[in-house]
Amino acid sequence: MYLRQGWQSSFLRAVTMLSGGSGVALAVPVLAAPILGRLYTPADYGALAQYMGPAAVLAVLASLQFQHAIIAEKADRGAGSAVWLVVLSTLVAAGLTALIVAALWAPVLTGTAAGPWFVVLPLNVAGTGVIASGTFLANRHRRYRFIILVQIGSTLTTVAMSIILGLLSWGANGLLSAYFLGQAVQTLGYLWLLRSFRTTLWPRPSARRLRALVRRHWKFPVYTLPSEFSGQVNMQVPIFVLSALGADATLGAFTRARQLVSMPVTVVGGSVAQVFRREAAEMYRNTGSCRVLMLRTAGWLLAVGLGPCVLFMLLAPWLFTTYLGTAWREAGEIARILAPMLLLRLIVSPLTTVFYFTGTQALDLQLMIGSTVLMAFCLGLGWTIGGTALSIVWAFSGGYGAIYLMYIIATFKVAAP
């Protein structure tokens, strides 16, 4: 009875709402891609990637992954304390980031394409705390409509400003400025949301309450944080390697290809993950298993992603050249390489949330350590055999494909111990 009601009503309705709204956010950058592809070069997108790579890694570290406690806490008051913990943690991380930027400024950062933009990296880190805590609090209270509106507002801002600044010939600075404005929209939106939960967040929790919360959810910083950090580093490794090789154009092509091909993964997979995390956790608490829900979720995601995957594998070079312009053919070749791996990511990413509510974060950490070793081996092999930037892309895609297959097996075992 629970599965029928949970899946058919709550789960699918919430996924449809999030995916439908996110589809609008997906359509905007896709429709704008031909304009952006002719306003900006692959090297411009390479500069954006040089900034976003470290920013993504720091975002994982900043919260210590305590945002998961917002969902895990049974009482709303405890969830409010978790929000404070996330925000305070990211503020400390922002301060440390400022010190790191100051130390690396002259010897490293000034020589990169992103250059002076690293000055605002601490602000970016601070904003991630508001966005993470706000997103999880909205998910806890099923405020999916609000999540959609913030996502659409951020996307519209980023795309509109990218076009305007591109027309003004700002180059890479235009892309970076638009990125920051989009992040600002998200931050301000979730600040407004947090203000609406005054009874949950106020009065501010005491240090004693925060310490009790840390003791209750110690597995998130001890197990989930290293796991998420390793996973994010694995995802950003091609950016770091291609930057070190000085292959700015290939870096930009890789970034744009992954961005466009993974948009369905990000939108659909992200929507499913938010709903699956809540519904599967409730099912697991009530029945001791969520494997049937997991099987149906995986099957549905495979059906959704298989068509686009085959399309990109067959036609990506032609699609990118026709749609973005002749300068982007290499991005099409890279998209063809990445497509099968991203299909596996679409299926696996939502399912990995099972580690958070089954108390198996230690297994997740072990898997991620193994994944890091495997990725290092694959990239080293790719460089040794091929010795080119494109061989790094092949090694990255093949390595992550193997990692996702490993995760599929592990998540299904955990779902019904």
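## A walk from the pocket to the helix pairs

Let's start at the largest pocket, where 17 residues form the lining and Ile71, Ala72, Glu73, Ala281 and Arg285 lie nearest the centre. Three elements each give two or more residues to this lining: α3 (68–72), α12 (263–287) and α15 (354–357). Of these, α12 provides the largest share, with five residues. The volume of the pocket is about 440 Å³. What classes of residue make up its lining? Eight are charged, six are nonpolar and three are polar.

Before going further, please keep in mind that you are looking at a predicted model. Its average pLDDT is 89, and 93% of the residues score at least 70. The stretch to treat with care is residues 1–7, where pLDDT stays under 50. For those residues the model has 18 contacts beyond four places in sequence. Where pLDDT is low, the predicted coordinates should not be read in detail.

Now for the way the helices pack. Two packed helices are described by the angle between their axes and by the distance between those axes. Take α2 (42–62) and helix α10 (residues 219–245) as one pair: their axes cross at roughly 170° and come within 9 Å. Angles over 145 degrees count as roughly antiparallel, so that is how α2 and α10 run relative to each other. On the α2 side, the contact is made by Ala49, Gln50, Gly53, Pro54, Ala56, Val57, Val60 and Leu61. Facing them from α10 are Leu225, Glu228, Phe229, Gln232, Val233, Gln236, Ile239, Phe240 and Ser243. By class, the residues of this contact divide into eleven nonpolar, five polar and one charged.

Another pair is formed by helix α13 (residues 291–324) and helix α17 (residues 389–415), whose axes are 8 Å apart and pack at an angle of about 150°. These two helices are therefore also roughly antiparallel to each other. Which residues meet here? Arg291, Met294, Leu295 and Ala298 in α13 meet Thr411, Phe412, Lys413 and Ala415 in α17. The contact of α13 with α17 has five nonpolar residues, two charged ones and one polar one.

Finally, have a look at the backbone in two loops. Follow α2 onward to the loop between it and α3, and you will find glutamine 65 there. Its phi is near 65°, a positive value in a residue other than glycine. The other loop to visit lies between α8 (198–201) and α9 (207–216), and it holds proline 203. Is the peptide bond from tryptophan 202 to proline 203 cis or trans? That bond is cis, with omega near 0°.

How values were computed
Residues are numbered from 1 along each chain as its sequence is written. This is a predicted model: local features need pLDDT of at least 70, side-chain atom pairs count only at pLDDT 80 or more; totals for chains, interfaces and linings use all residues. Side-chain values use heavy atoms; hydrogens and water are left out. Axes are lines fitted to C-alpha atoms, for helices over the stretch in contact, and angles run from 0 to 180 degrees between N-to-C directions. Helices (H or I, at least four residues) and strands (E, at least two) are DSSP runs, numbered from the N terminus. Angles under 35 degrees count as roughly parallel, over 145 as roughly antiparallel, 65 to 115 as roughly perpendicular and the rest as oblique. Contact means heavy atoms within 4.5 Å. Ala, Val, Leu, Ile, Met, Phe, Trp, Tyr, Cys and Pro count as nonpolar, Asp, Glu, Lys and Arg as charged, and the others, Gly among them, as polar. pLDDT is the predictor's confidence in each residue, from 0 to 100. On a 1 Å grid over the protein atoms alone, a cavity is a set of points where a 1.4 Å probe fits but cannot get out, and a pocket is an open set with protein on both sides within 12 Å along at least five of seven lines; lining residues have an atom within 4 Å of a point. Grid points are joined across faces, edges and corners, and a volume is the space filled by probe spheres set on the points.
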